[in-house]
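Visitor: I would like to learn how to read the interfaces in a model of this kind. Could you take me through them in order?

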Amino acid sequence: MKTNGGWKIYSLFLMIAFLVGGCGFKDIDKRLFAVSIGVDLAKDSSKKYLVSLKFAIPSASKEQPNDFYIVSQEADSMSEAVRILKTKVDKEIDFSHAKVIIISEEVAKSRGNAGMYYWFNRRRDIQAITWVAVGKPNAKDILKVKPKSEQVPSNSLFLALGKDGSETPYVIPTYLFDFKYRLIERGIDPILPIIEAKKDYFEINTAGLFNESKMIIHLAPEETKILNFLKSKEEKSSIKVERGKTVIVIDSQMVKAKYKIHTPKGSPPYIKVNVSVKGKLEEASRRVANSQLYQYEKAAEKTLNQEFKNVLKKMQRAGVDPMGFGLRYRSRHFNHDDWEEWKKIYPNITFKVHTKVQITDTGLIE
Amino acid sequence: MPTNEVEQIKESLKSKIPKAADVVFKELHTKEKYIESFYIKTISDETVLHDKLLKPFFEQHHPEEFRNYLESIPQIKSFESEEKAIEELLNGTAVLFYQDSVFLFDSKVDRNNSVLDTSVETTIQGPQSGFSESLPTNLGLIRKRYPETFLNVDITKVGKISKTEVMILHDTRFADPDTLKRIKDFLSSLDLQMFQTGEQLLDSIKKSNRAMIPLMLVTERPDRVAVNLATGKVILLVSGSPFAVVLPTVMKDFMSSMADIYQTYWVSRFLQLLRYIGFIISVCLPGLYVATTSYNPEIYRVQLALSIAGSRNAVPYPSFIEVLLMLFMMELLTEASIRLPKAIGPTATTVGGLILGQAATEAGLVSNIMIIIVSFVAISNFVVPINAFSFSLRIVKYFILALATLFGLVGVVIGFFIFVAYLVKLDSFGEPFLTLVQSKPQPHKE
């Protein structure tokens with residue numbers, strides 16, 4: 001660029017650069033981070049939803065923990081709510097750290113919310129790894145809870161759902177992308193953890209099961225654990241087994257579940273579920289010798305077989321399929337009407353559960 | 001040589017050399033013979049003159065005997081031409097007129113021949129002394145470390161006024177003859193008035209005389225020179241400079257320290273990795289800060305995002321002005337501590353680094369995180385072992401910062417990409433700048 005016009009091109013480039021750069025530049029302190037989003041049904045109003053956003057207020061000093069405030073708006077749609085919410089706050093609302101979406105139980109149980117669900121996915125700044133959960137009694141109450149151990153607003157929810165903090169088989173966390181996938185895909189249905197707000201802590205030990213677009217049933221804590229075992233998502237847990245008058249608790253270190261859908265010609269189809277559990281004895285009501293462990297293994301197998309079967313049957317009766325049996329069936333069968341076929345098969349299919357329990361030791365030196 | 005011709009030369013030399021305070025023209029007489037000497041005493045070694053010339057002159061009585069003596073000592077060169085004689089005279093040679101002939105007596109004084117400690121490229125272990133400011137001493141240092149018959153030394157002169165002696169060293173077995181030829185052509189094509197030290201060549205290597213990245217390594221360590229000779233590099237020694245120039249230089253050379261071969265394998269690998277990480281950090285971090293705080297805060301974890309937002313709450317300016325302000329302050333500090341005498345250097349760093357940084361955050365001019373970032377950038381910049389290269393990197397980060405301000409994260413990526421592309425374009429005497437393995441000379445070539 002040794003021509004005389006060289007500087008003109010440079011300055012033109014610079015001007016274009018400034019024009020392009022004009023959009024998007026927004027300093028971090030001019031943004032208001034919404035850490036969690038709550039969606040309730042609007043009460044005593046013509047509008048449909050009550051959308052609440054929990055904003056974190058960054059504190060300048062390390063001594064005082066970050067504070068938060070909640071702003072709510074009734075609206076018929078999410079985008080309408082957010083647009084009006086923008087007029088209630090001083091800074092630009094940034095959803096990039098909104099990592100929990102709470103949907104109230106009422107909303108989850110009602111139909112016709114697909115537009116709201118997909119709004120989260122459509123927005124660029126809401127991350128796909130946001131967790132979705134059902135709030136009880138309503139979403140806003142969940143947002144209001146402030147556990148004492150919490151430094152950053154909503155962090156305790158992030159920790160609980162993300163399993164960065166406590167690891168428990170009673171929580172089945174669901175990501176937004178997974179939730180949407182399960183809503184759309186035929187043959188696999190959404191599961192959402194249910195969060196219950198107590199005075200200053202949360203209780204997350206049940207799960208809600210969706211059919212197509214609304215929540216149909218919810219699982220009790222023990223059933224949630226079994227579903228987690230089936231999904232092979234959580235291995236650290238305890239399994240209570242009764243044998244005669246003795247009650248033992250197994251601390252499981254490894255739980256693996258595999259299933260296969262069998263459609264033999266001429267006989268009814270069935271799903272074979274193989275579960276293998278490995279763990280050690282954690283608690284026993286009476287002395288258990290090493291030589292007796294085999295008998296307890298058998299007892300545990302029997303108990304678990306029954307528990308697995310119960311959960312699977314409960315889901316089958318409700319017509320929900322969070323395990324994705326339908327998807328598995330469709331992926332192995334290449335007929336055009338595989339989905340229609342599966343819809344006929346699923347209500348009558350039988351489950352054959354085979355559990356193998358291995359108790360490594362009693363935890364004590366004999 | 002007839003006597004009148006000698007007289008003529010004498011007169012003409014006298015007329016051409018102006019009568020300065022240190023110009024000496026002396027006649028010595030004994031009964032049988034007399035000699036005239038002509039020299040500049042400030043650049044001539046008078047003790048040599050005394051020992052090798054005056055003493056024998058007065059001890060040996062016979063004129064022929066003294067003539068034989070003169071003709072046999074190694075310092076004596078015979079007279080070739082007047083111009084040559086003047087040149088030699090200006091370099092410290094004494095011109096002798098004895099009987100009917102003219103001799104040039106090499107009495108050059110060799111000052112500054114003390115070996116200096118390394119101060120720029122220090123290592124913890126390994127040799128601690130560098131070059132001296134005297135060319136013969138430096139050559140001696142290298143020869144001592146590189147006792148090979150294949151070591152070839154050529155001499156040229158660079159600089160129209162300074163006429164500085166430059167030695168070109170290479171090992172004939174390893175050095176690429178093409179590269180050597182390019183270097184010699186480059187030296188002969190140089191258009192400089194005063195040539196003082198090898199660093200001056202850094203700019204001349206480019207046609208435009210404007211270079212951003214150095215393409216030759218200037219080192220003060222004889223051990224580095226010896227190691228580089230063995231890998232086929234060409235070395236330039238400049239008279240009067242305690243630095244040698246290593247050619248051709250690629251980025252790998254700039255990122256290596258002599259400590260690498262004085263450490264165990266994994267330690268030196270780790271240190272090298274550290275340097276490359278430091279290199280990338282010092283180039284990208286200011287840009288990344290602006291891009292992430294102002295365009296994409298979602299890549300932070302929520303705790304960090306909130307703490308950055310909290311510490312930036314009091315800052316009135318946008319992030320890029322904050323960064324520029326702090327970087328500017330840091331550059332001033334670095335620059336000031338070089339200029340300062342060693343005794344008050346630490347004071348400046350303390351006042352500047354600690355107090356200024358603390359006060360700037362207290363006053364709400366910059367955020368806490370910014371202080372961390374600026375010191376991170378400064379420290380990682382010093383990790384790059386060769387100074388000339390780390391100075392270049394100091395500039396590059398502003399380029400990436402500008403792009404980040406305009407385009408966010410994409411700007412950082414594109415900026416780094418352009419920087420790498422620029423490095424790819426560079427070559428040092430035919431050797432691509434990003435070469436990892438030095439090319440060996442082709443066997444069939446001479």
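Guide: What follows goes through two interfaces in turn, in a model that is predicted.

Visitor: How many residues does each chain bring to the contact between chain A and chain B?

Guide: A useful start is to list who takes part and then turn to area. Here chain A contributes 30 residues and chain B contributes 25 residues, and the two chains bury about 2300 Å² between them, with 62% of that on carbon and sulfur atoms. On the side of chain A, the residues that lose the most area to chain B are Phe25(A), Ile28(A) and His97(A), which together make up 27% of what that side buries.

Visitor: Which charged and polar pairs should I look for between these chains, and how many salt bridges are there?

Guide: Salt bridges are counted by a distance rule, a side-chain nitrogen of Lys or Arg lying within 4 Å of a carboxyl oxygen of Asp or Glu. Between chain A and chain B the count is three salt bridges; one of the pairs to inspect is Asp164(A) with Arg301(B), whose closest N and O atoms are 3.8 Å apart. Nine residue pairs are also found in polar contact across this interface, both residues being at pLDDT 80 or more.

Visitor: Which element of chain A gives the most to the side that touches chain B?

Guide: That is α1(A), with four residues, and the elements giving two or more residues to this side are α1 (6-21), β1 (31-41) and α6 (155-162) of chain A. By class, this side of chain A holds 14 nonpolar, eight polar and eight charged residues.

Visitor: Where do the domains of chain A begin and end?

Guide: Domain 1 of chain A covers 27-219 and domain 2 covers 220-366, and their centres, taken over C-alpha atoms, are separated by 31 Å. Each domain gives 25 residues to the contact between them, and the area buried there is about 2200 Å², of which 61% comes from carbon and sulfur atoms. Within domain 1 of chain A, Pro169(A), Arg186(A) and Leu219(A) lose the most area to domain 2, together 29% of what that side buries.

Visitor: How many salt bridges join the two domains of chain A?

Guide: The rule finds two salt bridges across this interface. Lys236(A) and Glu167(A) meet through their side chains in a salt bridge, at 3.5 Å from N to O. Twelve residue pairs are in polar contact between the domains, both residues at pLDDT 80 or more, and β9(A) gives the most to the side of domain 1 that touches domain 2, with six residues.

Notes
Residues numbered from 1 in each chain as written. Chains lettered and ligands numbered in written order. Predicted model: local features only at pLDDT ≥ 70, side-chain atom pairs only at ≥ 80, totals over all residues. Heavy atoms only, no water. Contact = heavy atoms within 4.5 Å. Buried area = accessible area lost by both parts, 1.4 Å probe. Polar contact = N/O pair within 3.5 Å; in protein donor to acceptor, adjacent residues only side chain to side chain. Nonpolar A, V, L, I, M, F, W, Y, C, P; charged D, E, K, R; others polar. Domains from an automatic or database assignment.
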